Amino acid sequence: MSDQTHMPDGHDLAPGEEEQHSVGTRILGYVVGLVLALLLTATSFFIAGTDLVWQPSIPVALIVLAIAQMGVHLVFFLHITTGPDNTNNVLALAFGLLVVFLVVGGTVWIMANLNANMPPMDHIMRMRQ
Amino acid sequence: MLGKLDWSAIPFDQPIPLIAGAVVLVAILGVLAWVVVKGHLPYLWREWITSVDHKRIGVMYVLLASVMLLRGGSDAIMMRIQQAVAYQSQGYLPPEHYNQIFSAHGTIMIFFVAMPFVIGLMNLIVPLQLGVRDVAFPTLNSVGFWLTATGALLVNVSLVVGEFARTGWLAFPPLSQLSYSPGVGVDYYAWSLQISGVGTLVAGINLVTTVLKLRTRGMNYLRMPMFCWTTLASNLLIVAAFPILTATLAMLLLDRYLGFHFFTNEAGGNVMMFMNLIWAWGHPEVYILVLPAFGIFSEVVSTFSGKALFGYRSMVLATMAICVISFMVWLHHFFTMGAGPNVNAIFGIASMIIAVPTGVKIYNWLFTMYGGRIRFATPMLWAVGFMVTFIIGGLTGVLVAVPPADFMLHNSMFLVAHFHNVIIGGVLFGAFAGFEYWFPKAFGFRLDERWGKAAFWFTFLGFYVTFIPLYAAGMLGMTRRLQHYDVAAWRPWMLVAAAGMAVLTIGVICQIMQLVVSIRNREALRDRTGDPWDGRSLEWATSSPPPVFNFAFHPDVRGEDAYWDMKIRAQQQLLGHDLPEYHDIDMPRNSPTGFVCAFFATIMGFALIWHIWWMVILGGLGAFATFVAFAWRDHDEYVIPAAEVARIDRANIEERRNLVSMAGAV
């Protein structure tokens, strides 16, 4: 964690505020982000319908593209960087990911295990026949 | 025009809720009339209702929690009397009324007593401990409080208009679905929690940001008081867990309002998914409540032992460990739902592991006391009472974390005794310790010690007499939520528990008496220095009550126990430093945004419950318009001139000098 101290009345930035760059640089950043995001989206649609690649690899390719899409959003729109000012944001993101992983992964595991032990009703009906 | 609402909504045939509602209504109207006649209304509006001062909002949170504690406590008394008399008879509460009472008791105690109490104390104290002038988002803070109050109001309206849920405090489907609960009870429950849940989330974001971004000079993470650390952990959990509750209740509401099938028995719905999701929020929730209490005890034990907290870094580590592990144990609330041995075993082990950091904390508090000069003032009594009680509750918790044992004890009175043991012994004792400890800081006078100690002993003993019998009844096979029973062996335990409830009630009366007596003797109990307990952290470095800007200068922190350090240095330098130069201070302007938003949210919530669609649109538009009006405001700060800051600060320095010289003369 960063140990730097933030003065409430000094020149520190309010949470979420970015350091002052010139308007041009900032617009360029957003445009690059938009182009990359559109590119990734278009590629996903293209991959889903194409027969140019080996078919079983398509789901994996879509997952990779989706993760890349998230990365683009985080870097260009949410301004998550590895700079020292950004430790809090990166840690918050890591904590969020951990919680999502625990809750979603745990839920999938628990519910699958329940279903294994308690077959759904139609399953029981079929077994009775 | 009015949706489902008509005269049949008011339970004219049930005297108990009607009389209770009438008494409360008369009391509220009486207070309102008194306020208007005495001309206090402009003062209340300017200084409290529209206030964005974190101290005022903190006090209002605690006030809300205290009032709701009386409501939830009345429910508890009614339940204990019912179970004491309903042996081979129907008792005095018909089943549908009894079911509403236990549902309302749980909902109110968790969401509208424990939550506002700890959030109020965090609001009041954390900015002071960090040495800053306000929280990160002052107006948002006010919005959060008023939305919580909206939820509490809706729950209480259900007493007279319509009914409350009969489903228990978590409204499990399929019982909470339209087919089994066609009334408005579950809707009151769900919309109250949705609205107050937004308030809680807002408070959580605000406090996380405050701790991470607003700290005074030199206050790095490992110099923060323990209470700030537990606040950070608890609010991180709020931000991570409350969206799960909101989403789960939203799905239940979609089932009820629009015929969806998330948690229904038919059409591919899955009831088990509701248990899974609600407890994925529910378990972090208990740590959201108890972590701030752990922080309060850390402050209290260290101050009243006259020693720095033992094992500060291990305490930080334990707090953050609990923060993460609390997301890995939720299945232990439904071991009996049918999961296989692997799943049950893993979650059982995780549940036992989370007891380890808690144990670390207990040892740290004991070692802090060891070799200290302990003063048994009222806050310290609550802390010691907590340690004894919480260990018992924790051990029964580890017992029910063992899946085979849980299969015997699930949904029994043993479980009821266990969670009251940890919530009363942990959260409530912590809230009372914090209340007694920080009251002088908030209001500028101490609380009467004699009544405080009486309140502690009656509550402490009353707790054991009430809840130990419930453990015994659980062992004898008594399940929870019984409206009546025919087993002779349970009867004596229920009678003892009812007697314990009477002792607890005396404790509550002592607490109220303490407040009354202290207010009457406030001149004699006045705290002139701002440091009545010989405290160690920065909240004691300013006057009591603190000025609106908290500190004339941002304190310069050079180590742990910042204020203790300053006092030692001041003694060495014989208070001989020059008078500093004062500057203007910018403070946020008060804003009615929170109150107006909550007003419209109340209208919208009520309309949603009764299906009055035009009113829903009206409330929604009103709340949105308020937000837009706030977003377009022109100026949001006002200036306190340097001369005024100097006047206030010098008066406080003068008081402290007098005290030191008086102490020197003796």
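Begin the tour by selecting chain A, where residues 24 or more positions apart account for 53% of the contacts with a separation of 6 or more. The model on display is predicted, and every value quoted below is computed from it.

**Stop 1: chain A by itself**

Colour chain A by secondary structure. The chain has 4 helices and 0 strands, and its elements follow the order α-α-α-α along the sequence. Next, colour the chain by burial: 5% of the 129 residues of chain A count as buried.

**Stop 2: the contact between chains A and B**

Keep chain A visible and add chain B. Here 22 residues of chain A meet 28 residues of chain B. On the chain A side of this contact, 14 residues are nonpolar, 7 are polar and 1 is charged.

**Stop 3: residues 43-558 of chain B**

Hide chain A and select residues 43-558 of chain B. An unreviewed UniProt entry lists this range as "domain: Cytochrome oxidase subunit I profile". Over the range, the chain is 68% helix and 0% strand. A distance drawn between the C-alpha atoms at its two ends should read 40 Å.

**Stop 4: the largest nonpolar core**

Which residues touch the most other members of the largest nonpolar core? They are B:Ala114, B:Val118, B:Leu121 and B:Phe297, in a core of 202 residues. To see where the largest share of this core originates, select helix α4 of chain B, residues 95-130, which supplies 22 residues.

Centre the view on B:Ala114. Leaving aside residues up to four places away in sequence, B:Ala114 touches B:Met109, B:Leu289, B:Ile423 and B:Val427. Displaying these four residues together with B:Ala114 shows the surroundings of one of the core members with the most contacts to other members.

**Stop 5: two assigned domains of chain B**

Finally, colour chain B by its domain assignment. Domain 1 covers residues 309-526, while domain 2 joins residues 527-586 with residues 637-666. The centres of the two domains, taken over C-alpha atoms, are separated by 36 Å. Their contact draws 10 residues from domain 1 of chain B and 8 residues from domain 2 of chain B.

Select helix α14 of chain B, residues 413-443, to find the largest share of the domain 1 side, namely 5 residues. By class, the side of domain 1 that touches domain 2 consists of 6 nonpolar, 1 polar and 3 charged residues.

Key: Residues are numbered from 1 along each chain as its sequence is written. Chains are lettered from A and ligands numbered from 1 in the order in which they are written. This is a predicted model: local features need pLDDT of at least 70, side-chain atom pairs count only at pLDDT 80 or more; totals for chains, interfaces and linings use all residues. UniProt positions are given in the numbering used here, feature names are shortened, and annotations may be inferred rather than shown by experiment. A nonpolar core is a set of buried Ala, Val, Leu, Ile, Met, Phe, Trp, Tyr and Cys residues joined through C-beta atoms within 7 Å. A residue is buried if 20 or more other C-beta atoms lie within 10 Å of its own, exposed if 12 or fewer, and partly exposed in between; C-beta atoms are placed from the backbone. Two residues are in contact if their C-beta atoms, placed from the backbone, lie within 7 Å. Ala, Val, Leu, Ile, Met, Phe, Trp, Tyr, Cys and Pro count as nonpolar, Asp, Glu, Lys and Arg as charged, and the others, Gly among them, as polar. Domain bounds come from an automatic or database domain assignment.
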